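Please open the structure in your viewer and keep the sequence beside it, so that each selection can be made as you read. The tour moves from one selection to the next and says what is there at each stop.

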Amino acid sequence: MTAIDAFDIVFFGGTGDLALRKLLPALYHQDQDGNLPAQGRIICLGRSPSDTAGYVEKAHAKAKEYLGSHYNENDWTKFASRIEYLKVDAHTEADFVALAETLNQFPGRERVFYLSTAPDFFAPIAKNLAAQGLNEGNSRVVLEKPLGHDLESSNKINDEVGEYFTEKQIYRIDHYLGKEPVLNLIALRFANTLLEPLWRREWIRDVQITVTEQVGVETRADFYDKTGALRDMVQNHLLQLLTIVAMEPPASIDADAVRDEKLKVLRALKPLSVDDVKTKVVRGQYRAGAVAGKPVIGYQDEPGVPAGSKAETFVALKAEIETWRWAGVPFFLRTGKRLSERLAQIVINFREAPTSIFGKNLGQPNRLVIELQPDESVRLYLLAKEPGNQTRLRQVYLDLDFKETFATRSPEAYERLLMDVIRGDLSLFVRRDEQQAAWRWVEPIIESWETSPEGPKTYTAGTWGPAASSALLSRDGLCWYEEA
C-alpha cells in the first residue's frame, strides 16, 4: 500500500446523483476512519453557477440522507472543509484555465480526475485537461461506465482519452470489483490450500452469478432503453465477476499480473454462434405485477419508454470456458430489473459424492455462496447429521460474518476504489484489452437480437424472470439456487 502525503481529487459531474450519493459519502467515511491524508482537497465541478458554500449545503443535505447512522456533524464539518466548487463546462476552455489555476496552487500532488459524466464528455474533458498540462505527472483519470455501446464505440472512446492519457493513467471503474466479498473471494482462493485443489472441473458442477434488482427503470428510461441489461450489466459487472471466479493464480498481486489472468479467462470464453444465442441466452422484459407487495407497471408503460420497445430488462445465459480447469463446467449468468429480490451473489455448486451411503434425495451436498448484496457474507454449505438416534442429514453452513469476525464497519466499494486511485493501484480496475475481449464475446448476442424478429419474453414483475430462464438450466439437469 503506497503512502501519500497530499492529493487533489476532481469530480466532473459533481452535482450529479453518483457524486452526491456515493462518491462524497465514500470519501467522508475514509476521512472519518483516518485514512485520508490531512492535506487533500475535493474539487467538485458542475455546469450550474454556484459557490462552495451553496454546494456544500446541498451536499450536506444529501449526506445526512445517505449516511444515516454513520453521519456525525463534527466529522462532516471537518470533512466539508476539504470541498471546493467550481463551475466548469466540458466544452469551455476558459473554465479549464480556472481549474488549472486552482490545482496549480499545490503542484506535485497526486491528482485524480473522476469523470462522472456521460461518455460523450470524456473526449473534450481529456483534451481540455491536456491543453492546461493537467494530464502530466501524477495525474489519473477515472472513467465511469458505460464505455460505449459496442466494441467500435468503446474503442473510439478509449482512443480519444488515450490520446491524452497513458493506459497506466486510465482507471476504468467497475464498482462490483471493490466489494468486500469479491476481495475475500480472491483471498479465499489464493491464500488457502483447502479450496485450491477443489477449484476445477473435477469437483465443481456449475457456477451461478446473479445480480438482480427490485426497482424498474425509474427515471432512466431514455438511457436504459438504448442500453438494456446486456450492455448495462453483463458486459461489465457479471463478466468481471466471472473472471475473478475462474482466473488462474496470478504470479503476484501486481495490477497487471492479476489483469493478465482475468484477460485469459475472457479470451477462453467459448464464442456464441447464432444458434447458441437462441438456446443459451434468454432475454426478457417485465410486465405489470407486484414487487414487495406493491403493484407496479410494466416496462412498456414506464414514462419515456417508446411504444413497442424491445429493450431487455432481463438476461440469463450459459457461458463455457475452454480451459483444462473449467472444460465442461457451465457458468450461468443472470441479471434483471423488477425481480423478486435485490440480490448479488456467486454460487459455486460442488459435485455430489460418487456414491452415497445415506440414501437419496439429500439435496445439494456442498456449495459456496458469496453474497455481495443486500448483505455481505461468505457461506460454505455442508451436510451434517441431525442430533438424535436416527441418521438423518441436514444442510448446515459455516458462515464468515464480517461484522462479528472483524468488529469493524465494512467499507463500501467506492471507498476502496477511490483510495486505490489516489494511491495509484490499478489492480481492481479494468484494462483496455479486458474490455475489448468482453465486448467481442457479447457482440454476437447483440447482433443476433438486432436481426431477430422476436422480441424479449415477458415476465411478471416480482418473479424471478421468464420461465425460459429456469429451462436454460433444466436442460443440464440443474436449477437456480433459489429453486433448489
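The stops below take in a covered helix, two helix packings, some backbone details and the cysteines. Keep in mind throughout that this is a predicted model.

**A covered helix**

Begin by selecting helix 12, residues 413-423, and ask how many of its residues are buried. The helix is mostly covered, with 10 of its 11 residues buried. To see them, colour A413, Y414 and E415, then L417, L418, M419, D420, V421, I422 and R423, which are the buried residues of this helix. If you now bring back the surroundings, the elements that cover these buried residues include strand 1 (6-12), helix 1 (17-32), strand 4 (110-115), strand 5 (139-143) and strand 6 (170-172). Before leaving, step to G424, just after helix 12, where phi is positive at about 85°.

**Helix 13 and helix 9**

Next, select helix 13, residues 432-451, together with helix 9, residues 255-268, and look along the two axes, which lie 9 Å apart and make an angle of about 15°. An angle under 35 degrees counts as roughly parallel, and helix 9 and helix 13 are therefore roughly parallel to each other. Helix 9 passes helix 13 in a left-handed crossing. Show the side chains where the two meet: on helix 9 these belong to R259, K262, L263, L266 and R267, and on helix 13 to D433, E434, A437 and A438. Sorted by character, the residues of this contact are four nonpolar and five charged, with no polar ones.

**Helix 13 and helix 6**

Keep helix 13 selected, hide helix 9, and add helix 6, residues 151-162; the axes of helix 6 and helix 13 come within 9 Å and cross at roughly 165°. Are these two helices roughly parallel or roughly antiparallel? Angles over 145 degrees count as roughly antiparallel, and helix 6 and helix 13 are therefore roughly antiparallel to each other. Their crossing is right-handed. For the contact itself, select L151, E152, S154, N155, N158 and D159 on helix 6, and R432, Q435, Q436, W439, R440 and E443 on helix 13. Here the contact residues divide into two nonpolar, five polar and five charged.

**Backbone details in the loops**

Now turn to the loop between strand 14 (367-373) and strand 15 (377-385), where P374 is found. The peptide bond leading from Q373 to P374 is cis, and its omega is near 5°.

Move on to E218, which lies in the loop between strand 7 (204-212) and helix 8 (221-246). Although E218 is not a glycine, it has a positive phi of about 50°. With a relative accessible area of 53%, E218 is exposed.

Another positive phi, of about 55°, belongs to R338, which is not a glycine either. To find R338, go to the loop between strand 12 (330-336) and strand 13 (343-350). Is R338 buried or exposed? At 16% relative accessibility, R338 counts as buried.

**The cysteines**

Finish by selecting C44, which is buried at 0% relative accessibility, and then C479, which at 28% counts as partly exposed. A disulfide is a covalent bond between the sulfur atoms of two cysteines. With a cut-off of 2.5 Å between cysteine sulfur atoms, the count of disulfides comes to zero.

How values were computed: Residues numbered from 1 in each chain as written. Predicted model: local features only at pLDDT ≥ 70, side-chain atom pairs only at ≥ 80, totals over all residues. Heavy atoms only, no water. Axes fitted to C-alpha atoms, helices over the stretch in contact; angles between N-to-C directions. Helix = DSSP H or I, 4+ residues; strand = E, 2+ residues; numbered from the N terminus. Parallel < 35°, antiparallel > 145°, perpendicular 65-115°, else oblique. Left-handed = near helix turned anticlockwise from the far one by under 90°. Contact = heavy atoms within 4.5 Å. Nonpolar A, V, L, I, M, F, W, Y, C, P; charged D, E, K, R; others polar. Buried < 20%, exposed > 50% of the residue type's maximum accessible area, 1.4 Å probe, protein only.
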